[in-house]
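Colleague: I'm new to this one, so could you take me through a single part of it slowly? I'd like a close look at the place where the two domains meet, and then at what lies on each side of it.

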Amino acid sequence: MDRNVYSERVLGIEMSGIRKFFQKAKPDSINLGIGQPDFPTPLHIKQAGIRAIEDNLTGYTFNSGVPELRQALSNKFKNENGLNYTPDQIIVTAGAGEALHIAMQTLVDNGDRVLYQDPGFVSYRECAVLAGGKPEGIKLDETLHIDVEACKEQMDGAKVLVLNSPGNPTGAVESEETIKAISEYAEDMGVSIISDEVYEHFVYDKSHYSAANYSDDVLTINAASKTFSMTGWRIGFIGGPEDCIEQCLKVHQYCQTCATSISQYAAIAAYTGSMDCVMEMRNEYAKRRELLYNGLKNLGFEFPKPEGAFYMFVPMSGEIFAKIIDAGVVAIPGDAFGNNAKDYVRFSYAASEDNINEALKRIESAI
Ligand SMILES: Cc1ncc(COP(=O)(O)O)c(C=O)c1O
C-alpha cells in the first residue's frame, strides 16, 4: 500500500525487538527472554476476580477506576512510597503500558525532547515518537546506572525525563542520592518526570526511592502486573498532580474508557490483602538471581550483579550470543533496548531453578 496512507508517527515506530525475537526460538528452547513472572496469580486475587464475575460486576466503571481500588492505591502510595496522592489523583489503567502512553500524550508536544535511559524499556522511545516527541537516550555509566552529571547536561531544554528504577533491562537500582539529585534538578529546569516503578518490590541489596518525593512535577507509574504476577489482567495506575491527572484522564477516556472491571475488583484484593505473596515471589527471584549470576560468572562472564527487577544484562559478543541461541537458550540481544548496548544480552530469571540450571548447562556446552 502507498506509504503516504500511514501517519509519520506510526511509521516512526517499530514492533518490539523482544517479540520479534521469540519467533526465532526453537520449540525445546529454554526461555530466559520473557519479562513475565512465572508464578500463578495468588489465589485470593483470582478468587476476587471470579467473585466479580459472579456478582455481575462486569459493566463500565468510572473512567478513572473503581473508587475502592483508587483508595487502596492511595493508601499504597502513602505507606510504601511516602507519597500523598488522593484517590482523585490516581487513574487505573490497562497496565503500566497504557499509563506510559497517556503520560506521554499528555506531556509531549511536537518536537519536544524526551529523555530516557538507553538501554531502557522498549516503550519509552516509541511512546515518545507516537506523541510527536524527539526521543533521546541517556547513556549509562559502566555499571549501567545513570551518570548524574551527564544526565543533568542533557536535561537542558528537555520536556520530559523517563526514570526507571529498578531498571529493565539492566536490573540497576538507582540510589536515593541519584533519584533526589535528578528529580530536584528536573524540577528546577522545568522538566517533567515520568517515573516507572513497576519493579519496586523486586530490589535485593538496596532500597527503592520514588522520584515524586523530590519534585512536584512527577507522574508516578506502577502496576499490579509484576508485583502480583498479574501481567494478563492488565492493571496499572498513574498518580500525579491533580491538574495533570485531569489532563491524563481525557486521553485515558478516549482510548480505554476504563480498565477491565473484573481485573479492577481482583486488584482491590491484591492491594488491600497481605503482601506475603509478593515477599515469597521476591525471595524466589533472589535465589534465582544468585543461581544465574554465579553460574554465568563461573562460565567467565564479568558484570556487576544487578540489584533489582528479574533481569541480568550481560556483556557478550554477537558470536557468543548466536551460539547460545543455537544451543537452545532464548535471551534478548541488547540492541532491542536502544542504541547503547549492542554487545549485551538480557537474561530474565523469571524462570524456574531447573530451567536456569539447564540453560547454564547449555550455555557452557555452547561456549
Ligand atoms: C519497565 C517496564 N515498564 C512497564 C512495563 C509494562 O507493564 P504492563 O504489563 O503493566 O503494561 C514493563 C513490562 O515489561 C516494564 O518492564
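Modeller: Let's start right at that meeting place: domain 1 and domain 2 bury about 3,300 Å² between them, and carbon and sulfur atoms give 59% of that area. Keep in mind that this is a predicted model. The domain assignment gives domain 1 as 3–41 + 276–366 and domain 2 as 43–272. Taken over C-alpha atoms, the centres of domain 1 and domain 2 are 23 Å apart. To the contact, domain 1 brings 37 residues and domain 2 brings 42 residues.

What about the polar side of things? Counting pairs where both residues are at pLDDT 80 or more, there are 23 residue pairs in polar contact between domain 1 and domain 2. Two salt bridges are also counted between domain 1 and domain 2. There's a salt bridge you can look up by residue, too: the side chains of K206 and E307 meet at 3.4 Å, N to O. As for who does the touching on the domain 1 side, the elements giving two or more residues are α1 (8–11), α12, β9 and β12. Of these, α12 gives the largest share, seven residues.

Some of those names come back in a small sheet, so let's go there next. Three strands make an open sheet in the order β9-β12-β11, and the pairing is antiparallel. At the edges you'll find β9 (311–315) and β11 (332–333), each pairing on one side only. Helix α12, residues 276–298, packs on this sheet and touches β9 and β12, with its direction at about 10° to that of β9. Between β11 and β12 (residues 344–348), which run antiparallel, there are two bridges. If you want a residue to click on, I332 has R346 in β12 as its bridge partner.

Now for the other sheet. This one is open as well, with seven strands in the order β2-β8-β7-β6-β5-β3-β4 and mixed pairing. Its edges are β2 (90–93) and β4 (134–139); each has a single partner strand, so one side of each has no neighbour in the sheet. Going from one strand to the next, the twist averages 20°. Helix α4 (residues 67–81) packs on the sheet and touches β2, β7 (218–223) and β8 (236–239), and its direction makes about 115° with that of β2. Over at β4, the pairing with β3 (residues 113–118) is parallel and runs over six bridges. There, D118 stands opposite K139 in β4.

D118 is worth a second look, as it brings us to some backbone oddities. As a rule, most residues other than glycine have a negative phi, and most peptide bonds are trans. Yet D118 and P119 are joined by a cis peptide bond, with omega about 10°. P119 itself sits in the loop between β3 and α6 (123–130). S165 and P166 are joined by a cis peptide bond too, here with omega about -10°, and P166 is in the loop between β5 (160–164) and α8 (176–189). Then there's N56: it isn't a glycine, but its phi is positive, about 60°. You'll find N56 in the loop between α3 (43–54) and α4, and α4 is the helix we just saw packing on the seven-stranded sheet.

Note on methods: Residues are numbered from 1 along each chain as its sequence is written. This is a predicted model: local features need pLDDT of at least 70, side-chain atom pairs count only at pLDDT 80 or more; totals for chains, interfaces and linings use all residues. Side-chain values use heavy atoms; hydrogens and water are left out. Two strands pair if DSSP finds at least two bridges between them. Helices (H or I, at least four residues) and strands (E, at least two) are DSSP runs, numbered from the N terminus. Contact means heavy atoms within 4.5 Å. Axes are lines fitted to C-alpha atoms, for helices over the stretch in contact, and angles run from 0 to 180 degrees between N-to-C directions. Domain bounds come from an automatic or database domain assignment. Buried area is the accessible area (1.4 Å probe) that two parts lose on being put together, summed over both. A salt bridge is a side-chain nitrogen of Lys or Arg within 4 Å of a carboxyl oxygen of Asp or Glu. A polar contact is a pair of N or O atoms within 3.5 Å; within protein, one must be able to donate a hydrogen and the other to accept it, and residues adjacent in sequence count only if both atoms are side-chain atoms.
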